[in-house]
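Work through these short exercises on aromatic rings. Keep the viewer open as you go.

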Amino acid sequence: MMRVFSSTLQRKLLAATLVTTLVSLVIALCAMVAYDLHTYHESWVSDIATQADLVGHTTAPALAFDDTRVARENLELLRYRPQVRAAAIYNARGGVVARYSTDPKEADFPKLPEADGVRVESGELIVFKRIVENGEILGTVYLRAEYELVSRLWSYAGISLMVVIVAMAAAFLMSARLQRIVTHPILAIGVIAREVVQQRDYSRRAEKMSDDEVGTLADAFNDMLGEIEHRTQVIEQSNRSLESEITERRRNEEEVVRLNQELETRVRDRTVQLEAANQELEAFCFSVSHDLRAPLRAIDGYRQALVEDCGENIPEDGQLYLKRIESSVQRMGQLIEDLLNLSRVSRGALEKGDVDLSELARQVISDLKQRDPERAVDVSIWDGMMVKADRRLLRAALENLLGNAWKFTSKTESPHIEVGMLSANGNATYFVRDNGPGFDMAYADKLFGAFQRLHAAADFPGTGIGLATVQRIVHRHGGRIWADAKVGKGAIFYFTLGDGDAVAQGLPHSEVSA
Amino acid sequence: MALLNMHQPQAWNRRKTLHTLLVGVFAIILALASARHCRAEADSAAAEYQVKAAFLYKFVGYVDWPPRAFSNADSPLVIGVMGADSMAESLRQVVANRTVNGRPLVIRRLRRGDQIAGLHVLFIGHADGDRTSETLASAKGLSVLTVTESEDALAGGSVINFVVVDDKVRFDIGLGSAERGNLKISARLLAVARKVVNSPS
């Protein structure tokens, strides 16, 4: 029981109890002592005053009849009261009639009697009492008795101190036992709380030991633990499901990545295959076209020989036929040339260098003008357009685009061709615009297909390969090409060349006006 | 004192006057002294009676009379004085405006042959010495506090007898006489008496 009051709660409770006990002890003792001393004073004063009265009454006859001997004898009776240290009788005139003292050598008596009264002087009680008989003052009694108030006080103090010590010791022992009744349940809860926190074991519960507020505390504590336990379980559960979800997702992601990688590989393979196939086709096309030229040359040669050598002998129909053969051979030759061009464009390394597009366009236009000097076409070429491109191929592309523009504005009243550029987001988009007949945008996707012609050969000559070639060139530069047109209003061909693939949708289409 | 102017130029005249003066002064002093002595004697006698009167007055408080002695609660207490006029006078002074146990006190001077009955206290002075025993005899059996100041008056039947011892007034008490008169004397008075005589004469 006297183990260790390690818990400050126990110490506090004990201290509180002891202080309370001490205070109540002190108050009680003080009250009792004070009351006792008061009672002592009152009763002692009353006693001595009564004694004075008695002495006075007894001595009255002696005073009345002036008998000092009897007066002295009366005072001597005070020997039976050793607490009375000295006494004296004064007559009515204030003279001393008789004296008495426990100390025979004593001579310290007041010279004159004072008025009736009781007072305390240097630890002694002094009483003066008039002797009145039959309405007349016969004299005064003087008594000096011991007064033990202070010594009583000291003895009480001593007793009180001992009582306090003993009582405090008893209180200490008692409350050491009793405070456990209060602190034990509380400390038990504290222990459980600490353990729960340290071990994270929320299944523990505190024991409810009493049916008071501490019991309520224990219940509330247990409820909280129950709640925490439940929540922890819920959280753990959701954690687990989350974890499984995450693993699932990760697995899916990995799957996706794996599939992507597979795709990549497949694409790579296919690209390689396609490129190989393309290259084969290219080579095939080139060689076939090339090989087709020889027989064509032979046909044309023999036609020519026929016209020159046997011309007079051939009837008119035959001459007509020979003319038809000539134009067809020419057309086929042109077709083969174009095909060869197309193939050539696809082969060979791309040598990108700084090319002045404006200058190149001007050269192409001047060539066109040279070939067709009667035509008056208004051409505006923007200045200073520098591009990074293969000069040869770019020239071919411009030749095609400008050639088309030249060709298709042949029937236009005041033909106008423009070569310029737009820039958006730092990417340059170049355009070739004409105010020719344009085309129906519904067929736009067919524009760049090889051999696709949107106009009849009778209206505008052409093999239909030109735009396919331009597209091939632009694509080889890593750019894009597209067109915008309105029937009867004209056409614009946009293209980009290389880094920064300009998003076509973002570019404005300018109104083409004649 | 008469102032005597001495304007006599002659030396023998002056001497004579001086001598007369001295004798005169001496005579006056002597006369005064003797007069004072007589006065003192007279004074001491008067003083004694004053003390005795005071004592007598006090005696009353220590004595119980039988109920028949008083008609009602505030009927006066009668003190008769015989043969001592100065005592009567002193008594009158002492008793004036005083009561004992609520009773007023009346002093009556008695001549020879006056009735004793009706008195509560009778003082027989020694001037009336030869008649003392007669008076005492006539008072026997009556509830009268007889106070005397003669030598053997107590034997004669008085209750209290004054004596002067060492220049102090004291008294003796005869209890037997008190009993015969149905008077009860407080023991406190007995305590201060010089002598208490019990047996009746």
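The exercises below use a predicted model.

**Exercise 1.** Classify the ring pair Trp482(A) and Tyr494(A), and place both residues in chain A.

*Solution.*
- Step 1: Take the two numbers. The ring centres lie 5.5 Å apart and the planes meet at 20°.
- Step 2: Apply the cut-offs. Centres must be within 6.5 Å, and planes under 30 degrees apart count as stacked. The pair is therefore stacked.
- Step 3: Locate the partners. Trp482(A) sits in strand β11 (residues 481–486), Tyr494(A) in strand β12 (residues 490–495). They are 12 residues apart.
- Step 4: Check burial. Trp482(A) has a relative accessible area of 11% and is buried. Tyr494(A) is buried too, at 1%.

**Exercise 2.** Do the same for Phe55(B) and Phe162(B) in chain B.

*Solution.*
- Step 1: The centres are 6.4 Å apart, with the planes at 40°.
- Step 2: Stacked needs under 30 degrees and edge-to-face over 60. The angle fits neither, so the pair is tilted.
- Step 3: Phe55(B) belongs to helix α1 (residues 11–61), and Phe162(B) to strand β7 (residues 160–165). The pair links parts of the chain 107 residues apart.
- Step 4: Phe55(B) is buried at 5% relative accessible area. Phe162(B) is buried at 2%.
- Step 5: Widen the view. Ring pairs join both residues into a cluster whose members include Phe65(A), Phe59(B) and Tyr62(B).

**Exercise 3.** Which ring does Arg375(A) lie over, and which does Lys52(B)?

*Solution.*
- Step 1: Arg375(A) lies over the face of Trp406(A), 5.2 Å from the ring centre.
- Step 2: Lys52(B) lies over the face of Tyr49(B), at 5.6 Å.

Conventions: Residues are numbered from 1 along each chain as its sequence is written. Chains are lettered from A and ligands numbered from 1 in the order in which they are written. This is a predicted model: local features need pLDDT of at least 70, side-chain atom pairs count only at pLDDT 80 or more; totals for chains, interfaces and linings use all residues. Side-chain values use heavy atoms; hydrogens and water are left out. Rings of Phe, Tyr and Trp (its six-membered ring) pair if their centres lie within 6.5 Å; planes under 30 degrees apart count as stacked, over 60 as edge-to-face and the rest as tilted. Helices (H or I, at least four residues) and strands (E, at least two) are DSSP runs, numbered from the N terminus. Buried means under 20% relative accessible area, exposed over 50%, partly exposed in between (1.4 Å probe, protein chains only). A charge sits over a ring if NZ of Lys or CZ of Arg is within 6 Å of the ring centre and within 35 degrees of the ring normal.
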